[in-house]
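Reader: I would like a close look at one part of this model. Start from a single pairing and work outwards to what surrounds it.

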Amino acid sequence: MSHFETEAIRISASKSNHKEHSAPLYLSSSFTFDSAEEARQLFAEEIEGNIYSRYANPNSSDLIQKVCAAEGTDDGIATASGMAAMFGSIASLLKQGDHILASRSLFGSTHQLLTRVFPKWGITSTYGDIADTANWEKLVKPNTKMLFIETPSNPGLEIINLEWVGKFAEAHNLILVVDNCFATPYLQQPAKWGAHIVTHSATKYIDGQGRVLGGLILGKHDLIKEVQFFTRHTGPSISPFNAWILSKSMETLAVRMDRHCGNALKVAEYFEGNKEIESVKYPFLPSHPKYELAKKQMSQGGGIITLTLKGGIQRAQRFIDALQMISITANLGDSRSIITHPASTTHSKLSEEERANVGITDGLVRLSVGLEHHEDIILDVERALDSSK
């Protein structure tokens, strides 16, 4: 098998003896052993098998196998949430005294990890501006061990050159971690460009219907071995039910993302130049500053667009409140279209200066374009723009 859609549907690591066509759900906290010797061998990692669902479960193994095939990575770990994946990908691979170089444009909770959580344990970080990559050489310190980036970024949709950043990490012997949540493995595979670790909030597009939480840490065997040790003994394990849901969702990721991307492009094109909007940002709009780069490393532009409304926060809030169909919630990647005001919600803990550094203004709203008919999405946005004047 070689095609994304076929592998996402046909790969399965959780077959029983009952000849089921769909992967069963394994709601078991532990697994039995045929003998004391088998138990010893499993704990000694001399043979493969299931021990305890905090370690692994057939449903989480099924999910990991599918996503690794999609991303082109060796192995992985499924976690209870996206932020558990972000935390685990860093905490498992670094120690006190280490330094992280990160792109400035990061999700708000990831920013909190780097600036408030890890410094308590002696792990520091420095932000680099992706618009000034020539300066990154000066930001690498003798104790820099990791390079952490998002592309496209949340919510500013900034695009980082994965080929450049892969070579930069290799030249400085850094572990390159790429948060691939916005793109999904269907649109972009950072491992092809040199990423050692790829992370996801599977809560978003991989689930795709706003049902369950989950996270993924994927990468090279030697690094994932360290991640496995950390996560097994600290316990951010995914539930079998959530893993089963996410594995089933992988089967429809391709067709869903095609619709998300098609809708998002139509919505972005329709509102670009609207007199009530200062700017529309979408990776596959020619007006995006990294349009050519986005086309090089992504197969489509994703399902997120940002609209910066004239009139600041007051206008943005009136606009959001005037929407009739689009949901107001902090999630994204749902089958239903979602609106968020990052400055007052997901990125509200950042200072005004920090928000400005990542392109979040008071008038910016993040629109997660769903699977509804694009004309209905456009109508709802247009109607809210008119009534919020």
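Author: T199 stands opposite I217 in strand β7. This is a predicted model, so local features need pLDDT of at least 70 and side-chain atom pairs count only at pLDDT 80 or more, while totals for chains, interfaces and linings use all residues. Residues are numbered from 1 along each chain as its sequence is written, and side-chain values use heavy atoms, with hydrogens and water left out.

β6 and β7 run antiparallel, joined by five bridges. Two strands pair if DSSP finds at least two bridges between them. Helices (H or I, at least four residues) and strands (E, at least two) are DSSP runs, numbered from the N terminus.

Now look at β7 itself. Five of its five residues are buried. Buried means under 20% relative accessible area, exposed over 50%, partly exposed in between (1.4 Å probe, protein chains only). G215, I217 and G219 point one way; L216 and L218 point the other way.

β7 (residues 215-219) also pairs with β1 (residues 75-79), again antiparallel, over five bridges. D75 has G219 as its bridge partner. A78 is matched with L216. β1 is mostly covered, with four of its five residues buried.

Widen the view to the whole sheet. It is open, has seven strands and mixed pairing, and runs β1-β7-β6-β5-β4-β2-β3. β1 and β3 (124-128) are the edges: each has a single partner strand, so one side of each lacks a neighbour in the sheet. Neighbouring strands are turned by 20° against each other on average, direction ignored. On the other side of β6 (residues 197-201) from β7 in the order comes β5. β5 (residues 175-179) and β6 pair in the parallel sense over three bridges. There, V177 has I197 as its partner.

Helices cover this sheet. α3 packs on it, touching β1, β6 and β7, and its direction makes about 130° with that of β1. Contact means heavy atoms within 4.5 Å. Axes are lines fitted to C-alpha atoms, for helices over the stretch in contact, and angles run from 0 to 180 degrees between N-to-C directions. α4 (residues 82-91) lies across β1, β2 (99-103), β4 (144-150), β5, β6 and β7, at about 160° to β6.

α3 (residues 58-71) has a helix partner too. Its axis and that of α10 (residues 240-250) come within 8 Å and cross at roughly 35°. The crossing is left-handed; that is, the near helix is turned anticlockwise from the far one by less than a right angle, where clockwise would be right-handed. N59, S60, D62, L63, K66, V67 and A70 of α3 meet P240, A243, W244, L246, S247 and M250 of α10. These residues divide into eight nonpolar, three polar and two charged. Ala, Val, Leu, Ile, Met, Phe, Trp, Tyr, Cys and Pro count as nonpolar, Asp, Glu, Lys and Arg as charged, and the others, Gly among them, as polar.

Last, the cysteines. The structure holds zero disulfides, a disulfide being a pair of cysteine sulfur atoms within 2.5 Å. The sulfur of C181 lies 13 Å from its closest cysteine sulfur, in C261, so the gap is too far for a bond. C181 is buried at 10% relative accessible area, and C261 is buried at 2%.
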